[in-house]
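Let's take a friendly walk through this fold, strand by strand and helix by helix. Keep the viewer open as you read.

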Amino acid sequence: MKEKDKKTARDQSKASSPASINPRAAENLRRFPKRLPPLADLIAGIRAGNHVILSQAITVVESESPRHQALARELVEACLPYSGSALRIGITGSPGVGKSTFIEALGQHIHELDQQIAVLAIDPSSHLSRGSILGDKTRMETLSNYPGAFIRPSPAGSSLGGVARKTRETILLCEAAGFQNILVETVGVGQSEMAVHSMVDCFLLLLLPGAGDELQGIKRGIVEMADLVIVNKADGNRATLAKEARQQYRNALHLLPPKESGWTPQVMTCSALEKQGIDVIWERIQDFYRSLSDNGYLAEQRRQQARYWLEESINDQLRQHFLKTPGVAEELARREAAVLEGRESPFRAAQALLKLLG
Ligand code: GDP
């Protein structure tokens with residue numbers, strides 16, 4: 001095999017991870033030619049709402065290969081003018097609270113309204129341990145069979161920042177593909193909700209009836225970020241407990257300072273399993289959008305998010321550039337040892353290292 005072909009094969013294998021758990025899409029993917037379509041075809045396919053091409057484009061965005069990264073930049077730039085029109089909704093909650101059951105129920109409701117939905121995930125556990133807390137592959141089976149639904153598991157990555165960037169770019173691609181609703185799911189146990197919060201408009205927190213925040217592993221900061229707090233599993237003998245929990249959360253949310261958006265967070269109950277209360281929650285999400293569109297905060301929040309991502313990208317690219325600068329790796333190792341042994345302060349070591357940038 002020629003060196004160039006070997007490189008292409010390597011790039012292809014890096015970009016050939018399972019692209020979607022939608023069984024139909026997966027089937028199509030298997031039939032898809034090994035070689036990636038040219039950029040223009042990828043863009044045309046995305047714009048036509050072709051899920052297979054969209055999956056391939058997302059795989060390119062997720063790939064670590066330099067060749068794919070260059071292609072990914074072009075894809076994202078090309079999709080940008082067609083992005084921005086979807087409702088971007090984040091959802092979090094501890095494992096077992098019923099997120100995937102809820103997304104299935106909400107997805108079905110959205111499907112009945114003749115709208116499309118893309119479900120993306122940010123699961124920081126998937127790179128730390130081999131298993132993922134969200135356990136994407138076996139979830140949302142009904143939803144994954146709807147033609148208007150697209151489910152994408154969390155991208156792998158060595159850092160939450162990298163995973164988040166890929167998910168943000170995937171949102172743009174899905175919007176260019178015409179999805180009116182994009183749900184970004186994460187687990188309510190770490191930093192990942194901050195990342196999701198920085199890329200969505202409306203943030204939902206799912207809770208269980210009858211268990212305090214601490215018991216559910218929910219941090220106070222997460223409750224403060226929520227636009228809608230949803231007490232799930234309000235069925236059977238938990239219905240009364242759920243109503244009590246709703247009242248407790250209403251009282252607790254009253255004590256928080258008002259949101260910059262002017263929106264008063266709502267507390268609601270539902271049973272994702274019995275599909276009770278889902279329509280009312282969807283109505284409330286529409287109220288949220290109406291309210292923030294009317295007062296201009298929706299656009300303002302997206303501008304703030306864009307500024308944040310610009311700063312993140314600068315930090316990230318500066319760091320990459322620094323680490324690739326000749327001599328930095330060796331000098332970094334030397335200075336690190338000196339800092340760890342207390343011979344040099346971290347500040348001076350950093351100053352000396354940055355001088356290598358010239
Ligand atoms: P996730 O880990 O947050 O995605 O939670 P799942 O959606 O996988 O649900 C965890 C378990 O809770 C499953 O056994 C579901 O059937 C169950 N479950 C989810 N929603 C409800 C609900 O509204 N009521 C009841 N009784 N069980 C539910």
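## Starting at E1 and E4

Strand E1 (residues 87-92) and strand E4 (residues 181-186) run parallel and are joined by five bridges. Within this pair, Ile91 stands opposite Glu185 in E4. Bear in mind as you look that this is a predicted model.

## The sheet as a whole

Zooming out, E1 and E4 belong to an open sheet of seven strands, with parallel pairing and the order E3-E2-E4-E1-E5-E6-E7. Its edges are strand E3 (149-151) and E7, each of which pairs on one side only. On average, neighbouring strands here are turned by 20 degrees against each other, direction ignored.

Which helix lies across several of these strands? That is helix H13 (residues 278-294), which lies across E1, E4, E5, E6 and E7 and runs at about 125 degrees to E1.

## Strand E6 and its neighbours

Strand E6 (residues 228-231) is a good place to look at side chains. Leu228 and Ile230 point one way from the strand, while Val229 and Val231 point the other way; all are buried.

On one side of the pairing, E6 is matched with strand E5 (residues 202-207) in the parallel sense over four bridges, and Leu228 in E6 is the bridge partner of Leu204. E6 also pairs in the parallel sense with strand E7 (residues 266-269), again over four bridges, and there Val229 stands opposite Val267 in E7. To get from E6 to E7, the chain passes through helix H12 (residues 239-254), making a right-handed β-α-β crossover.

## Helix H6

Helix H6 (residues 99-112) has 14 residues and reaches 20 Å from its first C-alpha to its last, close to the 20 Å expected at 1.5 Å a residue. After H6 comes Asp114, with a positive phi near 65 degrees.

Why can H6 be called largely enclosed by the rest of the structure? Ten of its 14 residues are buried, so the surroundings cover most of the helix. Among the buried residues are Phe102, Ile103, Leu106 and Ile110, and the list also includes Lys99, Glu104 and His109.

## The whole protein in numbers

The protein contains 16 helices and seven strands, and 46% of its 358 residues count as buried. Its accessible surface comes to about 18100 Å², with 54% of that belonging to carbon and sulfur atoms.

Sequence separation rounds off the picture: among contacts between residues at least 6 apart in sequence, 76% join residues at least 24 apart.

Key: Residues numbered from 1 in each chain as written. Predicted model: local features only at pLDDT ≥ 70, side-chain atom pairs only at ≥ 80, totals over all residues. Heavy atoms only, no water. Helix = DSSP H or I, 4+ residues; strand = E, 2+ residues; numbered from the N terminus. Expected span 1.5 Å × (residues − 1). Buried < 20%, exposed > 50% of the residue type's maximum accessible area, 1.4 Å probe, protein only. Pairing = 2+ DSSP bridges. Right-handed = clockwise from strand over helix to strand, strands pointing away. Contact = heavy atoms within 4.5 Å. Areas by Shrake-Rupley, 256 points an atom, 1.4 Å probe, with all protein chains shown as cover. Axes fitted to C-alpha atoms, helices over the stretch in contact; angles between N-to-C directions.
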